[in-house]
Amino acid sequence: MNFYGYKRPDGRVGVRNKVLILPASVCASDTTRIIAQQVVGSVTFNNQLGCSQVASDQQYTMDVMAGYAANPNVYGTVVVSLGCENCQMDLVVAAIKERTNKPLKQVIIQEAGGTLKAIDQAVRYAKAMVEEASLLQREEFPMSELIIGTECGGSDPTSGLAANPLIGQLSDLIVKEGGTSILSETTEFIGAEHILARRAATPEVHDRIFEIVHRYEKALQLVGEEVREGNPSPGNKAGGLTCLEEKSLGCIHKGGHSPVNAVYDYAKQVEAKQGLVIMDTPGNDPSSVAGMVAGGAQIVVFSTGRGTPTGNPLAPVIKITGNKLTYANMVDNIDVDASPLIYGTKTMEELGDELLKLTQEVACGKQTKAESLGYTEMAIARVCNFV
Amino acid sequence: MLNAMIVEPKDNVVVAIEPIQKGETVTYTCEGDEKTLTALEDITIYHKLAARDIAKGEPIVKYGEHIGLAARDIKAGEHVHCHNLEEHRENLDAKG
């Protein structure tokens with residue numbers, strides 16, 4: 001199976017063709033918002049971090065920034081920094097260049113002479129970049145070029161019964177096509193880690209699965225907290241999910257039945273054509289999705305029981321529910337109804353093939369509902385408080 | 001009419017797939033056989049109810065796995081949720 005995508009100079013293939021206005025820190029985020037508003041075809045996000053962070057915390061932020069610039073859905077990037085933040089322009093540029101050789105411009109607000117001059121410079125860079133990007137034509141590529149990020153958010157019991165197993169079916173089909181599927185949300189492996197570990201392709205991957213779960217639990221215990229205090233959420237519980245183990249056993253269905261070939265740290269570059277892999281991300285949706293998109297995912301497949309509008313600045317997000325009431329209630333936000341699996345009116349094979357076809361169409365440019373509504377919210381995982 | 005489902009045959013809870021009223025017959029299929037029990041209380045759609053009597057301290061089983069422990073004796077047909085399930089973190093390394 002093939003799709004039409006955009007070839008990048010680093011060899012990867014995008015399904016969208018955006019210019020990223022990248023804020024290096026919170027102090028550049030309002031400026032990038034104003035810049036992106038002036039340039040049709042560009043996109044930005046609100047980076048609340050980038051300064052006053054300890055090394056491991058800053059590393060997450062750096063990896064998301066570099067990964068975003070390198071994501072194949074991006075034609076090129078204009079980095080905007082204030083000038084005095086910890087995520088210094090030269091560090092950000094070096095991190096991006098380690099991952100990609102795509103077009104890259106830089107504007108430092110303090111050196112440009114303040115807000116208006118920085119905006120003027122960045123808008124001109126971005127407009128020129130959008131013009132170049134607009135000349136690029138889609139070409140035909142095999143589905144093996146796709147890296148699919150899988151996510152569940154606002155879960156209820158139908159997520160584990162229908163929507164996540166359907167995502168798992170898609171994951172297996174993508175793996176069969178020779179592509180890559182990422183299973184994420186380490187907090188939602190808790191109580192199900194032994195099942196994933198049994199599917200590890202190597203003893204190293206087996207041990208890493210236990211390690212990331214235990215590390216996550218211990219990190220929260222260090223600050224005197226327990227993971228299950230906020231998870232499941234009140235909405236999960238109102239929907240009928242009682243405890244974390246029940247949520248986890250539903251969550252891991254997104255990984256289908258393929259062997260787990262690798263475990264990646266948060267926001268690290270994921271290799272293409274890897275089959276099923278795990279990324280160590282939080283259960284928090286916007287930051288988990290951001291980690292996978294930074295890893296190179298061009299498309300995100302996202303299940304929801306309660307109904308969530310979440311999108312992403314770079315990757316189209318396909319929304320799926322297994323809850324027939326939620327589908328009817330939030331049809332403007334949700335792309336796929338997986339509830340026929342619960343009521344036996346469609347088979348997994350039928351729905352899986354339909355979802356694979358939709359994924360191919362979205363790869364070719366079809367807008368998802370989150371895209372058409374303009375949802376671009378995101379977050380970046382944290383290690384600890386600011387310093 | 002089917003109004004509930006069981007995920008794995010060894011589960012001791014079933015999931016309501018329609019709203020179920022107190023006293024109503026709960027019907028689900030397990031390995032091709034139709035099974036029934038009576039709901040002892042109203043069950044919200046997609047919530048769990050006990051498929052059989054579960055003694056205090058016994059594991060609650062869904063997806064064929066332990067999701068927690070019964071915090072008190074639970075009768076077949078009772079709603080199973082936060083009020084009668086005690087969360088319990090198991091060491092699963094040995095099962096790997």
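The largest nonpolar core of this predicted model holds 134 residues, and those touching the most other members are A:Leu22, A:Val78, A:Val80, A:Ala122, A:Ala126, A:Leu166 and A:Ile299. Helix α6(A) gives the most to this core, with nine residues. Because domain 1 (18-134) and domain 2 (143-372) of chain A both give residues to the core, it lies between them. Here is a friendly tour of what surrounds it, topic by topic.

**The core and one of its members**

- As a general background point, nonpolar side chains tend to be buried together in soluble globular proteins.
- A:Val80 is one of the core members that touch the most others.
- Which residues does A:Val80 contact, leaving aside its neighbours within four places in sequence? They are A:Ile21, A:Leu22, A:Pro23, A:Ala24, A:Ala28, A:Thr31, A:Thr32, A:Ile35, A:Val107, A:Ile109, A:Ala118 and A:Ala122.

**Helix α6 of chain A**

- Helix α6 covers residues 157-176 of chain A; at 1.5 Å a residue, its 20 residues should span 28 Å, and the end C-alpha atoms are indeed 28 Å apart, so the two values agree.
- A bend of about 35° sits at A:Ala163 in α6(A), and a proline, A:Pro165, follows within four residues.
- Is α6(A) mostly covered or mostly uncovered? The helix is mostly covered, with 18 of its 20 residues buried.
- Just after α6(A) comes A:Gly178, which takes a positive phi of about 95°.

**A:Met348, beside α6(A) residues**

- A:Met348 belongs to helix α14 (residues 348-364) of chain A.
- This methionine, A:Met348, counts as partly exposed because 15 other C-beta atoms lie within 10 Å, and the partly exposed class falls between the cut-offs of 12 or fewer for exposed and 20 or more for buried.
- Not counting neighbours within four places in sequence, A:Met348 contacts A:Pro165, A:Gln169 and A:Leu341.
- A:Met348 and A:Leu166 are 182 residues apart along the chain, yet 6.8 Å separates their C-alpha atoms.

**The two domains of chain A**

- The domain assignment splits chain A into domain 1 (18-134) and domain 2 (143-372).
- How many Å separate the centres of the two domains, taken over C-alpha atoms? The separation between domain 1 and domain 2 of chain A is 28 Å.
- Each domain of chain A brings 14 residues to the contact between them.
- On the side of domain 1 of chain A that touches domain 2, helix α2 (residues 55-70) of chain A gives the most, with five residues.
- That side of domain 1 of chain A is made up of seven nonpolar, four polar and three charged residues.

**Where chains A and B meet**

- The contact between the chains takes 23 residues from chain A and 22 residues from chain B.
- Strand β7 (residues 65-70) of chain B supplies the largest share of the side of chain B that touches chain A, namely four residues.
- By class, this side of chain B has 10 nonpolar, six polar and six charged residues.

**A:Glu246, with contacts in both chains**

- A:Glu246 is found in helix α10 (residues 244-251) of chain A.
- Why does A:Glu246 count as buried? There are 29 other C-beta atoms within 10 Å of A:Glu246, and the cut-off for a buried residue is 20 or more.
- Residues up to four places away in sequence aside, A:Glu246 touches A:Leu241, B:Lys62 and B:Ile67.
- A:Glu246 and A:Asp156 are 90 residues apart in sequence, and their C-alpha atoms are 10.0 Å apart in space.

Note on methods. Residues are numbered from 1 along each chain as its sequence is written. Chains are lettered from A and ligands numbered from 1 in the order in which they are written. This is a predicted model: local features need pLDDT of at least 70, side-chain atom pairs count only at pLDDT 80 or more; totals for chains, interfaces and linings use all residues. Helices (H or I, at least four residues) and strands (E, at least two) are DSSP runs, numbered from the N terminus. The expected span of a helix is 1.5 Å times one less than its number of residues. The bend at a residue is the angle between axes fitted to the seven residues ending there and the seven starting there. Two residues are in contact if their C-beta atoms, placed from the backbone, lie within 7 Å. Ala, Val, Leu, Ile, Met, Phe, Trp, Tyr, Cys and Pro count as nonpolar, Asp, Glu, Lys and Arg as charged, and the others, Gly among them, as polar. Domain bounds come from an automatic or database domain assignment. A nonpolar core is a set of buried Ala, Val, Leu, Ile, Met, Phe, Trp, Tyr and Cys residues joined through C-beta atoms within 7 Å.
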